[in-house]
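Please look through the sequence and the model below before reading on. The paragraphs that follow begin with the whole chain and then turn to a few selected places within it.

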Amino acid sequence: MNAVQTYRYLQPSTLRAAGLDLQTSGGPAANPRFFSGFFTTPAAAAAGLLAVAEVARTRYHQPVSSASLDPVVTGSRERLRFESFSGCCGVYARMDVVPAGFDGEVVGHGTTNVDVNPPLREALARVGGIDPLHVAVGPNDLTVSTMDGAVVERKVPLPGRWLRGFAEVQVLTAGFEPRAEIPAAEAVAFLRRLPSARDRSVLWAVPAGRTLRLTSRPVPGAVCLAGAGRLAALRGLLRHARSLRVYGPAVRAGSPAVPSTWELDTGALRLSLTLSPEPYRGFSGEGAALLALAGDEVIDDAELVGGLLAWDPTVDVAALADATGLPDDRVRAALAQLGTAGRVGFDVAEGAYFHRAMPYDAGRAERDNPRLVGARTLVEQGAVHRDEEHATVRSGDEDYRVRRLPDGSFTCTCQWWAKHRGQRGPCKHALAVAMMAEVTV
């Protein structure tokens, strides 16, 4: 079942003479106002909002009619974050507005969907460099009708794929490191050299002085760029940016395609796009979080850690470990579990987790991950038999051999592993072995 969360708006978002009024659909109280103030760089903020909204309505793999999904906004201490996934779930966009980016006060905290409708997109596109842009996130009352006419209420579903995508992206990006930083002028030239949007090839960007050089093969220090046309949403912010930073996992010669993050920084805000390893792959099916969810104690740990999450700009893993008495690896596993409900994200620029406010359902992890359910069934059936570094798992009428590698990953003799070679997370047989060994990462 593809579960959804439904959001309601009191009226459409609008851009009036007094400023931008972004309608929200919930949070710590019904239809709250998280923030009221001005963006200090209005044209850049408008371009960033348009980019996040554009990703939400775009399907990069097998493009069809535009999606109609509204970005998620989180207000917390000293931060406003706007997030979205593409219609194909292969691109994750986020705009982080830092304290230098707004003149006002975050008067509340919470997470909700923001209505970015076509009239609002047209209005944002007209914002010039000196035009003031005032932001009020949420209406200031619950009135549903006035003398001017009826208030419009919209219902917008937040797909289960977005929640699964939030869980996968935070696990994947937590392993990223900065790989390159180039000035904005070089970023403009680099983006202009990229293949067209229809090109689905997997390229690799290698730091070369003040710019990036493209190659068809991975080398140490390279960053994967799969479906280069998916970076198009960055172009609207280029004229406001100071630099382009690129993040990714460590690779070597012969490495398979991996995800990457591309981030423009203006000083007042950061716009980042995280790309899946290949254009046809959505983050919702990557399976990166599965090993972290395999431990018997992870649900209890998540309840404990979740109760201590604060609305600081970043989540301090070491502080949570001290407060809970848990080792760091179990805290990270608990954050991965909370991530299955979208409650935790990861900011590569800060190198730290951050908090969203969404309902936590401990059972969502298993409902959204059939391999996890299958693994628990195998354990309950006594199908796992260990012998030193190997294990035999009886599944159906077949026996599968599972081996744990020095880096903590697994190999298996099943068809799933033969097809994906560990690039889509572990198979259910490896997960069952991990559960038996009480492995968490």
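Of the 441 residues in the protein, 56% are buried, and the structure shown here is a predicted model. Its secondary structure comprises eleven helices and 26 strands. Among the contacts in the protein with a separation of 6 or more, 71% are between residues 24 or more positions apart. The surface that the protein exposes comes to about 18700 Å², and carbon and sulfur atoms supply 50% of that area.

Because this is a prediction, its confidence deserves attention, since predicted coordinates should not be read in detail where pLDDT is low. The protein has an average pLDDT of 80, and 78% of the residues score at least 70. Confidence is highest in strand β19, at a mean of 98, and lowest in strand β11 (residues 145–146), where the mean is 22. Over residues 139–156 the pLDDT is below 50, although this stretch has 38 contacts in the model beyond near neighbours in sequence.

Helix α4, which spans residues 184–192, offers a first place to look in detail, and its buried residues are A184, A187, F190 and L191. Seen down the axis of α4, these buried residues fall within an arc of 115°, and therefore they line one face of the helix. The general geometry is helpful here, because an α-helix has 3.6 residues a turn and residues three or four places apart point the same way. On the face of α4 turned away from the buried side lie the exposed residues A185 and R192. The cover over the buried residues of α4 includes the strands β14 (177–183), β15 (202–208), β16 (211–215), β17 (223–226), β18 (243–248) and β19 (260–265).

A second place to consider is D347, which belongs to strand β21 (residues 344–347). D347 has a relative accessible area of 0%, so this residue is buried. The side chain of D347 is joined to that of R94 by a polar contact of 3.2 Å. When neighbours within four places in sequence are left aside, the residues in contact with D347 are R81, R94, D96, R270, A352 and F354.

Finally, the reader may turn to the loop between β6 (79–85) and β7 (91–97), where C89 is found. The phi angle of C89 is near 65°, which is a positive value in a residue other than glycine. Is C89 buried or exposed? Its relative accessibility is 1%, and C89 therefore counts as buried.

Methods
Residues are numbered from 1 along each chain as its sequence is written. Side-chain values use heavy atoms; hydrogens and water are left out. Buried means under 20% relative accessible area, exposed over 50%, partly exposed in between (1.4 Å probe, protein chains only). Helices (H or I, at least four residues) and strands (E, at least two) are DSSP runs, numbered from the N terminus. The arc is that of the directions from the helix axis to the C-beta atoms. Contact means heavy atoms within 4.5 Å. Accessible areas come from the Shrake-Rupley method with a 1.4 Å probe; for residues, only the protein chains shown count as cover. A polar contact is a pair of N or O atoms within 3.5 Å; within protein, one must be able to donate a hydrogen and the other to accept it, and residues adjacent in sequence count only if both atoms are side-chain atoms. pLDDT is the predictor's confidence in each residue, from 0 to 100.
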